[in-house]
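User: I have a structure open and a few quick questions about it. Can you go through it with me?

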Amino acid sequence: MIYVVEDNDDIGFILEYFLKDEGFQVSLLTTATDLKHAIKEALPDLFLMDIMLPDGNGIDLCHQIKTESRSKHLPVIMMSANEHVIASANCNAEEFLPKPFDLSNLLNKIRLHLPAA
């Protein structure tokens, strides 16, 4: 399961469609609050998160994921259109992808961190 956290409807739709077409289970979440509720219920195999969210900051969420014992081992891939934010991010994410990104590159990054995929 991949949790995609993206507030842009178009990007979220494309990511969800593409990843499902590649055989992944996907849960599309649009806010930090949605993610916090989802991880109380179940943890994914990988997080794919936008940095700028309407009700929070993806960097802060990544930091929380990477410091909690039950989730710190899970891979996090961060996305942002703002390269300055990516450059200053310090949350121990496995990958930082600038938007727009190539879907083939994204798929390679996901497969790198989910070798069984």
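Analyst: Here are short answers on cysteines, the core, a strand and a loop residue; note that this is a predicted model.

User: Cysteines first. How many disulfides does the structure hold?

Analyst: Zero disulfides.

User: And C62, buried or exposed?

Analyst: C62 has a relative accessible area of 0%, so it counts as buried, the cut-off being under 20%. C91 is buried as well, at 1%.

User: Ok, the core. How many residues has the largest nonpolar one?

Analyst: It has 20 residues. Those with the most contacts inside it are Y3, L35, F47, M49, C62, V76 and M78.

User: Which elements give two or more residues to this core?

Analyst: Two helices and three strands: α2 (32–41) and α3 (58–67), plus β1 (2–5), β3 (46–50) and β6 (76–80). There is also a second, separate core of 17 residues, which includes I2, V4, L15 and I110.

User: Why would nonpolar side chains be buried together?

Analyst: That is a general tendency of such side chains in soluble globular proteins.

User: Back to V76. What does V76 touch?

Analyst: Leaving out residues up to four places away in sequence, V76 touches F47, M49, C62, I65, K66, A93, E94 and E95. Of these, F47, M49 and C62 are also on the list of residues with the most contacts inside the largest core.

User: Now β3. How many of its residues are buried?

Analyst: Five of five, so β3 is mostly covered. Both faces are covered: L46, L48 and D50 are buried on one side, and F47 and M49 on the other.

User: Which sense does β3 pair in with β1, parallel or antiparallel?

Analyst: Parallel, over four bridges. The bridge partner of V4 in β3 is L48. β3 also runs parallel to β6, again joined by four bridges. There, D50 has M79 in β6 as its bridge partner.

User: Different topic. Where does S71 lie?

Analyst: S71 is in the loop between α3 and β6.

User: Is S71 buried or exposed there?

Analyst: S71 is at 3% relative accessibility, so it counts as buried.

User: Which residues does S71 touch?

Analyst: S71 touches L43, Q64 and I65, not counting residues up to four places away in sequence. With I65 there is a polar pair: a polar atom of the S71 side chain lies 2.7 Å from the backbone oxygen of I65.

Notes. Residues are numbered from 1 along each chain as its sequence is written. This is a predicted model: local features need pLDDT of at least 70, side-chain atom pairs count only at pLDDT 80 or more; totals for chains, interfaces and linings use all residues. Side-chain values use heavy atoms; hydrogens and water are left out. A disulfide is a pair of cysteine sulfur atoms within 2.5 Å. Buried means under 20% relative accessible area, exposed over 50%, partly exposed in between (1.4 Å probe, protein chains only). A nonpolar core is a set of buried Ala, Val, Leu, Ile, Met, Phe, Trp, Tyr and Cys residues joined through side-chain atoms within 4.5 Å. Contact means heavy atoms within 4.5 Å. Two strands pair if DSSP finds at least two bridges between them. A polar contact is a pair of N or O atoms within 3.5 Å; within protein, one must be able to donate a hydrogen and the other to accept it, and residues adjacent in sequence count only if both atoms are side-chain atoms.
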